[in-house]
Amino acid sequence: MNVRIIPTKPFADQKPGTSGLRKKVAAFKVPHYLESFVQSVFDVVAAPAGSTLVLGGDGRYHNREAIQVILRMAAANGFGRVLVGQGGILSTPAASCVIRKYGTHGGIILSASHNPGGPEGDFGIKYNTGNGGPAPEKITDAIFARSAVLSSYRILDTAGVDLDRIGRQMLGDMAVEIIDPVADYAELMESLFDFSAIRELIDGGFRLCFDAMHAVTGPYALEIIERRLGAPAGTVINGVPLPDFGGGHPDPNLTYAHELVEIMNGDSAPDFGAASDGDGDRNMILGRGFFVTPSDSLAVIAANAALAPGYADGIAGIARSMPTSAAADRVAGKLGVPCYETPTGWKFFGNLMDAGKVTLCGEESFGTGSSHVREKDGLWAVLFWLNILARRRLSVEEIVHRHWAEYGRNVYSRHDYEALPSDVAAGVMAQVRGRFADLPGQRFGDYRVKFCDDFSYTDPIDGSLSSGQGLRIGFEDGSRIVLRLSGTGTEGATLRIYLEAFEADPARQKADAQQALAPLIAIADEISQLRQRSGRERPTVIT
Ligand code: VG1
Ligand code: CO
């Protein structure tokens, strides 16, 4: 084996954010940049010689080049085998599935998720541990610390492998196994959901549309929805993954998935619409002319979980990120199972799932999943909804309206202000924090402030503390305003404002969310002085 040890200067900016290290492609093309991060990962995880690694990405620009580098580095660092998705493709949930199924030491996922791709776009990398989930903070902190002092990395001096040829190839002493990226995942989905009931629903004329947004879920959705479930050709749109996602922003929300939104609002709208993001872990659920908020989707899935064979025995508990609405808490209460509130980011769910405390997890940011893997899972959520629709035979809208009538509606919206100058965003956060002392007890119209704090979380399993996880302003009637800075953006700062109110009266539950939340939106602006400080009249994205 021809191992080379290449000297490098340490990098100071390799701190993983909410979900791994994300930077502009140009940053990843700086000599030794990717290599430095990968060597830091290998040093920290210290896999025993001969260990197996999983490797794949969302197919974005630079994916194949990065995979060849990581393979040569894995060989030089003593790995015995790497499982790679054909063409370098593995959706985030599929990578989690493969890590778990084959009991590997861990995996590396190349993705910047919902961020745009292409030469001017973003790239990203993250490490997942042997449970299939994103590395917890203590590991990501150690990787960052290592990258700041690293002075060399190990790489094999050899040509790359053929990423498109299924089967085994050798790279020095290390085996590279190119695997079908879809097969293991599709098999797992068939074991969880009632495919024959869904097939019957579709055979009976139920129509659906799935928008893969030219991102990684295309091949997964084609195999599962069109081939295995028998939906007609054309059900999956934008199903071919492209390195630049067709120039789009592969973020399944009402703004960026506009093609699907127009179809679902059109005269001949199908019964069900869904979309997923760049790396396949997010989902948006739509009915005909109807949007299901991710927070409501989690609650509806929880309330109907027993209809899916994989969850027929009930759920152990639910976890949701702090800014996610409390709709799921109400379902957990009725089911008599615990509901945990964690900081933003899927890595905080891992310990709870490993300990068997929760089955379902969700985030307001279009993330839903369960303990079948350790990532959020876009297609899983879509199949769960199809399973529920197949069994209940109601429209999406009707299912949600009945849910609200039974549990009450947590009216919810998130307003994102993207690419603000960092000092402006920091100023808004400081402004709000500065009001914390005098806010409690203050009245704003009908709303009286009950508490405000900066959310911190102690992991119930390993006791680790995560602080500074978002500013909360809670009102006496249970309404909330939450502000936090994004940890996934690569341009300036993105400020997120999360708004939640509760409506128990069925006669008022169908109101437009923005109208129902207007008083809270005004209070948020008054307290944060956001519009004045940023000069922005409205958010970049409202969901
Ligand atoms: C966002 C979401 C968060 C999600 C994260 C990764 O983080 O708010 O809920 O876990 O993206 O999702 P932030 O820090 O920008 O708010 V994914 O699909 O990009 O891996
Ligand atoms: Co994603």
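This passage describes the domain layout, an interdomain interface, a ligand site and the salt bridges of a predicted model.

The domain assignment divides the chain into domain 1, spanning residues 3–181, domain 2, spanning residues 185–407, and domain 3, spanning residues 409–542. The C-alpha centres of domain 1 and domain 2 are separated by 28 Å, and the contact between these two domains draws on 35 residues from domain 1 and 32 residues from domain 2. Together, domain 1 and domain 2 bury about 2,500 Å² between them, with 58% of that area lying on carbon and sulfur atoms.

Polar and charged pairings also occur across this interface. Between domain 1 and domain 2, 13 residue pairs are found in polar contact, where both residues of a pair have pLDDT 80 or more, and the count of salt bridges between the two domains is 2. On the side of domain 1 that touches domain 2, the elements that contribute two or more residues are helix α4 (92–101), strand β6 (122–129) and helix α5 (137–147), and the largest share, 7 residues, is supplied by α4. Classified by residue type, that side of domain 1 comprises 11 nonpolar, 18 polar and 6 charged residues.

Ligand 1 is surrounded by 19 residues, of which the closest are Thr18, Ser113, Ser365, Gly487 and Thr488. Serine 365, listed among these closest residues, places an N or O atom of its side chain 2.6 Å from an oxygen atom of ligand 1. For lysine 376, the corresponding distance from an N or O atom in the side chain to an oxygen atom of the ligand is 2.9 Å, while a polar side-chain atom of aspartate 277 lies 3.1 Å from an oxygen atom of ligand 1.

Side chains of opposite charge can pair when their charged atoms come close. In the model, the count of such salt bridges comes to 39. One of the pairings joins the side chains of glutamate 375 and lysine 126, with an N to O distance of 2.8 Å. Another salt bridge is formed by the side chains of glutamate 223 and arginine 227, for which the N to O distance is 3.1 Å. Both glutamate 223 and arginine 227 belong to helix α8, which covers residues 217–228, and they are placed 4 residues apart, about one turn of the helix.

Key: Residues are numbered from 1 along each chain as its sequence is written. Chains are lettered from A and ligands numbered from 1 in the order in which they are written. This is a predicted model: local features need pLDDT of at least 70, side-chain atom pairs count only at pLDDT 80 or more; totals for chains, interfaces and linings use all residues. Side-chain values use heavy atoms; hydrogens and water are left out. Domain bounds come from an automatic or database domain assignment. Contact means heavy atoms within 4.5 Å. Buried area is the accessible area (1.4 Å probe) that two parts lose on being put together, summed over both. A salt bridge is a side-chain nitrogen of Lys or Arg within 4 Å of a carboxyl oxygen of Asp or Glu. A polar contact is a pair of N or O atoms within 3.5 Å; within protein, one must be able to donate a hydrogen and the other to accept it, and residues adjacent in sequence count only if both atoms are side-chain atoms. Ala, Val, Leu, Ile, Met, Phe, Trp, Tyr, Cys and Pro count as nonpolar, Asp, Glu, Lys and Arg as charged, and the others, Gly among them, as polar. A residue is near a molecule or strand if one of its heavy atoms lies within 4 Å of it.
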